[in-house]
Every structure is written in C-alpha cells, then in structure tokens.
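User: Please take a close look at a single part of the chain shown below, and set it in the context of the whole. Please also explain each term as it arises.

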Amino acid sequence: MRELLITLAALGPSQEPPSLATGAAPSPPPFAVWVDQRRHDVVLRLGPFPLPANEPEAGAGEHEGHAGMDHSHGSRLPAYRFRWPVAGWGRGFRVEITDESGQPLSQRLLHHVNLNHLGRRALAFPTFDRVMAAGQETRGLRLPRTVGIWIEKGAEMAMTSMWTNETGKDLPGVVMVLTIPYLRETLVPRPVSARPIVLDIGFRPGLTAGFDLDTGRKEFRREFVFQVDGRLLALGGHLHDYGHSIELRDGETGEVLVALKGKLAPDGGLLGVTRKLLATRGEGLRLRAGHPYVVVARYHNISGRPISMGGMAALGGLFVPDRADDWPPLDRNDPVYRAEMEGLGVAGWVEVPESALGSAPGVKR
Ligand SMILES: [Cu+2]
C-alpha cells in the first residue's frame with residue numbers, strides 16, 4: 001500500500017508567526033510528516049540539509065568527544081511545529097540518518113532529537129511533555145505490545161534537533177527519518193497508557209541542562225516530589241563522557257531504587273547507559289505522591305581539565321499514574337513553560353503548513 005502523506009492542520013492565527021533567524025539565514029530544511037498505514041508508523045522526515053564539519057576548537061585536544069562539546073556548540077535546527085496525524089499509542093521510535101541517496105551516515109552526527117507534546121504537562125516540572133528523546137547513544141527503542149504512550153490526533157507537537165559533525169568533512173545533504181510505530185486506537189485489549197517522565201538533575205527552564213565538570217570524582221543530585229501516585233515501568237539514563245552512574249533513590253531512607261551505569265571507554269568516553277525494565281514481573285516500581293525521591297549521578301573526569309558544561313544527568317522513564325485525572329494540568333502561562341517554549345525556539349520556529357496529499361518526497365521503502 002502506498003504511503004499517505006497526511007494533511008496537517010494549519011495552526012490558527014493566534015499562534016505567533018515563525019520567527020526565523022536573521023535576514024541572510026538560509027531557508028529551514030524541509031520537513032514532512034506522514035502515516036504508513038500498513039506498518040502503523042508515523043514517519044517524520046527532516047532534510048536534506050548541509051552539515052559543515054565542526055570547526056576545531058581553539059586549544060582543544062585532538063580527541064575531542066561529546067564531553068568537550070558544550071550543548072551550544074552543535075548546530076541547532078529550528079523547532080518544527082506540526083499536528084500529530086493519527087490517534088494511537090506510540091510504542092517506541094527509531095532514527096535513521098542517511099545522505100540524500102539513502103546511504104547510512106554516522107549516528108553520531110545527531111546530537112539529539114526531541115519530540116514534545118506542547119499541549120500537556122510533564123510530571124517533574126511545569127513544562128511540556130517530552131514524548132521522545134534520542135541521542136548519540138540511543139538509536140531506537142521498542143516497547144512491548146502491551147504498553148504505549150497515548151498521542152491524540154491533532155496534538156500540537158514540536159520536533160527539535162541538534163547536530164554535530166566530527167567527521168572532518170562537510171556533508172552536503174543529511175536526512176533524518178524518525179519512525180514512531182503506534183498501536184491503533186481501536187486495539188483490543190487496550191495497552192497500558194504510560195507517560196514519559198524526565199528527571200533531569202540540571203534542569204533549568206529554557207536553558208541547557210548541562211553543568212560544569214570539575215576534574216576528578218564528583219557527585220550531583222536533585223530531589224523530586226511528584227503530584228501523582230503511580231508506578232514506573234522502565235527507566236533509562238542520559239549521561240555524558242566520564243559519567244559512571246545515575247541512580248534513583250528514596251529521598252527519606254536513602255535506599256537505591258534503580259541504579260544505571262554509564263558504559264565507558266578506557267578514555268572515559270561514553271558508549272551508552274544501561275536501562276532497566278521494572279515491570280517484567282509484577283506492577284513495576286511504586287512511586288508515591290508527595291514523597292521525596294532523589295536522582296544521584298557520579299562523574300569521574302579523568303581528562304585532566306575542568307569541562308565547561310560537560311556534564312548532564314537525566315533519568316527518563318515510563319510512568320503509569322494510578323488515576324490519569326490526577327495528572328497536574330498544563331499552564332501555558334507558567335513562567336517555566338514560557339521559558340521552555342522560548343528555549344525550544346532559540347533557532348526559530350517553523351510552522352509546518354497544510355501539506356498536499358501524495359507520497360513523501362524522495363522516500364522509498
Ligand atoms: Cu546531553
């Protein structure tokens with residue numbers, strides 16, 4: 001069956017117009033959204049766009065990895081705002097990065113891509129809901145068929161991405177295809193409706209969540225109190241180079257509830273972070289509303305020099321509230337939400353217009 005390019009509802013006139021960067025800026029890379037109705041996939045396609053090689057940093061060593069890169073050193077693409085094309089439960093994602101002819105390129109070009117639901121609230125902070133985040137260490141994720149993240153048709157979504165080219169040569173045309181398989185609205189029995197939660201130690205509204213890494217061993221922590229009872233089904237972590245571990249602890253007893261490890265190369269470079277499935281047996285890990293929980297991350301910077309904004313530490317998980325109605329409502333006037341929206345749009349906004357029906361440009365499957 002042919003892929004169907006979904007007509008995207010144009011956003012109402014009450015939204016602010018796209019504020020693309022300064023006059024001489026090139027037009028933003030093309031972006032398309034469609035539904036593959038045979039496979040039950042929502043497909044987002046970004047590009048092609050040129051990605052010049054990173055400029056060598058003054059005074060930087062030859063082997064400059066992710067940790068040497070403050071989150072502002074990558075090239076940030078604009079935020080694409082679009083309407084979600086189909087109702088269903090998202091059940092994971094996969095990211096493919098290719099050149100214009102479909103040849104695979106390094107996954108490391110993509111520093112991160114985030115998909116946000118702007119119309120509902122995150123649990124830990126009064127900001128929008130980050131539905132999906134992929135980075136250099138996360139190529140994809142697939143949930144079991146019994147669990148999904150609900151996204152309604154027409155949901156106001158924003159996709160942001162940041163890129164970094166350490167290959168030493170300019171790339172003329174980079175394409176990212178982000179595929180989100182979904183479970184149909186009519187599926188019986190219904191999957192368990194989970195919500196993503198992000199517990200970010202460095203969270204600052206509208207700013208990078210990075211923090212400075214001094215030399216040697218350092219511990220970072222942040223306390224979280226939730227407003228909803230529920231259970232955690234799975235937990236993953238995000239760290240940077242030299243990040244050894246990230247844990248969720250009970251804030252009262254100090255008990256370690258979940259411990260994830262950074263997989264590090266001998267030079268301290270981050271290869272990945274372990275994940276934990278908590279609900280393979282039983283109902284998962286219970287979290288109680290009003291109870292303190294603490295996220296603790298340990299770094300050991302062996303580079304011999306402090307690294308400005310070199311650290312990051314966040315847990316990302318799937319959470320099932322006992323009562324969905326208890327979820328804190330979104331307040332678009334909350335200063336945190338407003339700052340976060342400003343942060344999303346630092347490289348400008350692209351309002352994805354109503355698209356013509358047809359097959360996606362240049363995509364063959
Ligand atoms: Cu990071």
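Analyst: Residues 58-72 have a pLDDT that stays under 50, pLDDT being the predictor's confidence in each residue, from 0 to 100. Even so, the model gives this stretch 24 contacts beyond four places in sequence; two residues are in contact if their C-beta atoms, placed from the backbone, lie within 7 Å. Residues 356-365 also have a pLDDT below 50, with 13 contacts beyond near neighbours in sequence. Across the chain, the mean pLDDT is 86, and 84% of residues reach 70 or more.

This is a predicted model, in which local features need pLDDT of at least 70 and side-chain atom pairs count only at pLDDT 80 or more, while totals for chains, interfaces and linings use all residues. Residues are numbered from 1 along each chain as its sequence is written.

The part chosen for the close look is helix 1, residues 335-344. Helices (H or I, at least four residues) and strands (E, at least two) are DSSP runs, numbered from the N terminus. In helix 1, Tyr337, Glu340, Met341 and Leu344 are buried, that is, 20 or more other C-beta atoms lie within 10 Å of their own, whereas an exposed residue has 12 or fewer and a partly exposed one lies in between. Viewed down the axis, the buried residues of helix 1 fall within an arc of 100 degrees, so they line one face; the arc is that of the directions from the helix axis to the C-beta atoms. Exposed Pro335 and Glu342 sit on the face turned away from the buried side. The buried residues of helix 1 pack against strand 5 (79-83), strand 9 (128-135) and strand 12 (156-163).
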